[in-house]
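This briefing is intended for a reader who is meeting the structure for the first time. Please keep the sequence and the model in view while reading the points below.

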Amino acid sequence: MNYDAMFQSALDGLHADGSYRYFADLERRAGNFPKAFHHGLGRDVTVWCSNDYLGMGQHPEVLTAMHKALDETGAGAGGTRNISGTNHYHVELEKELASLHGKESALLFNSGYLSNWVTLGTIAGRLRNCVVLSDELNHASMIEGIRHSRAEKQIFRHNDVEDLERRLKELPADVPKIIAFESVYSMDGDIAPIEAFCDLADKYGAMTYLDEVHAVGMYGDHGAGVAEQLGLSHRLTVVEGTLGKGYGVVGGYIAASAALCDFVRSFGSGFIFSTALPPMIAAGALASVRYLRGSSAEREGQQRAVAYLRQALDKAGIPHVMNPSHIVPVMVGEAELCRSLSDELLNRFGNYIQPINFPTVPRGTERLRITPTPLHTNEMIDELVGALATLWQERQLRTSKSAAA
Ligand SMILES: *Cc1c(COP(=O)(O)O)cnc(C)c1O
């Protein structure tokens, strides 16, 4: 058996349809974000596709907290949470997250992916006859968690209240149900009808499970997410978030009732049997969460950059998808073109935007996904849009002006 040939032939398939992933070899420079050194090019580039949405990855308070915890506690946690790995920073962080979301309790995971996978897998897998109603655009981590649970799954149309209700109506009243969805969807930047979904959950006796990964730190007066912004936090059964995007560190969590968190803590294999996050990570995340509870300057700076970018794109006639969030998708619609635009932006103009191709998004909707941060200046934005305008003209791509005509 030639195993490598088997692996290679699968990889050849990715190359053939343009979905093979190339990683940019970057060196982030604390204090210089959103610039990073690109080792492939041997020069600094401006990064436009980072999920360090607020630049908290270099925030002095976060770095100071991490240095201090590193020096005081050492490198790692030293064990699973159950066997000597629970450090006081984990406990403090869980308390902070529970209070941020107005819940009784919170539970930390090593990533947001794991928090979705373990929580949905454990709840849906252990409640008898549980049915999960899952938005069709849910993140892979939720899909895999639901699959792992082996519970019955119903996929409802994206953000579609009627389709969800039609499905809920048909389910027996006495089976446990979970409505699983996101607030801000990461690729289109649209936002779920959270209140309407909560109303349906009340009407049909379902739990609500909301992934706020692309919202925590960024929405609401204290950065608790879109649910906070809309005054709906108390209506959600589970809020799930990451510490790796808006908060700039790493890790994931859920916030929910004490009983639910204790249930996942006690039955979730992917929580129990894995070494806890290093205490310095918990300390850094704690500093970041606390800081963003009290400061809105970063959120306002992000909104400013997003508005300025949208305006500049409009002026240049570069078509982008309007949505209520900080995610600005410039639609390209073809994998090879998307990759080649991204290559030229990088090589000629020093601007890095990773092309987003299938299977991350459906074929025909390939795009450049731009996420401006408070640290992207108007000059940087003008430079990027100038580069895009040059490429659009050279290649005679469809502009928003001609689309309107
Ligand atoms: C990134 C992401 C996750 C996973 O979070 P990590 O902390 O990066 O593992 C979960 N849900 C959504 C919608 C995401 O985009």
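The shell around the ligand consists of eight polar, three charged and two nonpolar residues. The model is a predicted one, and the values below are computed from it. After the ligand site, the briefing turns to the annotated domain, to a set of buried residues, and to some details of the backbone.

**The ligand and its surroundings**

- In total, 13 residues surround the ligand, and the closest of them are G112, D211, H214, T242 and K245.
- Helix 5, which spans residues 112–126, contributes three residues to this shell and thereby gives the most to it.
- At G112, a polar backbone atom is 2.8 Å from an oxygen atom of the ligand.
- At D211, an N or O atom of the side chain is 2.7 Å from a nitrogen atom of the ligand.
- At T242, a polar side-chain atom lies 2.6 Å from an oxygen atom of the ligand.
- On its own the ligand has 380 Å² of accessible area, of which the protein covers 84%.

**The annotated domain**

- An unreviewed UniProt entry carries the annotation "domain: Aminotransferase class I/classII large" for residues 44–388.
- Across residues 44–388, helix accounts for 46% of the chain and strand for 15%.
- The C-alpha atoms at the two ends of this stretch are 19 Å apart.

**T46 and its contacts**

- T46 belongs to strand 3, which runs over residues 43–47.
- T46 counts as buried because its relative accessibility is 2%, and the cut-off for buried is under 20%.
- The side chains of T46 and K35 are joined by a polar contact of 2.9 Å.
- Beyond its neighbours within four places in sequence, T46 is in contact with P34, K35, G350, N351, Y352, H376 and M380.

**M142 in helix 6**

- M142 is placed in helix 6, residues 140–149.
- With a relative accessibility of 0%, M142 is counted as buried.
- Apart from neighbours within four places in sequence, M142 contacts N116, L120, A180, F181, E182, Y209 and D211.
- One of these contacts, D211, is also among the residues closest to the ligand.
- M142 and I179 are 37 residues apart along the chain, and their C-alpha atoms are separated by 11 Å.

**C338 and R339 in helix 14**

- C338 is located in helix 14, which covers residues 335–349, and R339 is placed in helix 14 as well.
- C338 is buried, its relative accessible area being 0%.
- R339 also counts as buried, at 15% relative accessibility; this value qualifies because buried means under 20%.
- When neighbours within four places in sequence are left aside, C338 is in contact with V332, P355, I356, N357, E366, R367 and L368.
- R339 touches Y20, Y22, Q354 and P355, again not counting residues up to four places away in sequence.
- P355 thus appears among the contacts of C338 and among those of R339.
- A distance of 48 Å separates the C-alpha atoms of C338 and A173, which are 165 residues apart along the chain.

**Cis peptide bonds**

- The bond from F33 to P34 is cis, with omega near 10 degrees.
- P34 lies in the loop that links strand 1 (26–28) and strand 2 (35–38), and P34 is one of the contacts of T46.
- The bond from F358 to P359 is likewise cis, with omega near 5 degrees.
- P359 sits in the loop between strand 13 (355–356) and strand 14 (367–370).

**Positive phi angles**

- S84 is not a glycine, yet its phi is positive, at about 75 degrees.
- S84 is part of helix 3, residues 81–85.
- S84 is exposed, with a relative accessible area of 59%.
- N129, likewise not a glycine, has a positive phi of about 65 degrees.
- N129 is found in the loop between helix 5 and strand 5 (131–135), and helix 5 is the element that gives the most to the ligand shell.
- N129 is exposed because its relative accessible area is 52%, and exposed means over 50%.

Definitions and conventions
Residues numbered from 1 in each chain as written. Predicted model: local features only at pLDDT ≥ 70, side-chain atom pairs only at ≥ 80, totals over all residues. Heavy atoms only, no water. Near = heavy atom within 4 Å. Polar contact = N/O pair within 3.5 Å; in protein donor to acceptor, adjacent residues only side chain to side chain. Areas by Shrake-Rupley, 256 points an atom, 1.4 Å probe, with all protein chains shown as cover. Helix = DSSP H or I, 4+ residues; strand = E, 2+ residues; numbered from the N terminus. Nonpolar A, V, L, I, M, F, W, Y, C, P; charged D, E, K, R; others polar. Buried < 20%, exposed > 50% of the residue type's maximum accessible area, 1.4 Å probe, protein only. Contact = heavy atoms within 4.5 Å. UniProt positions renumbered as here; feature names shortened; annotations may be inferred.
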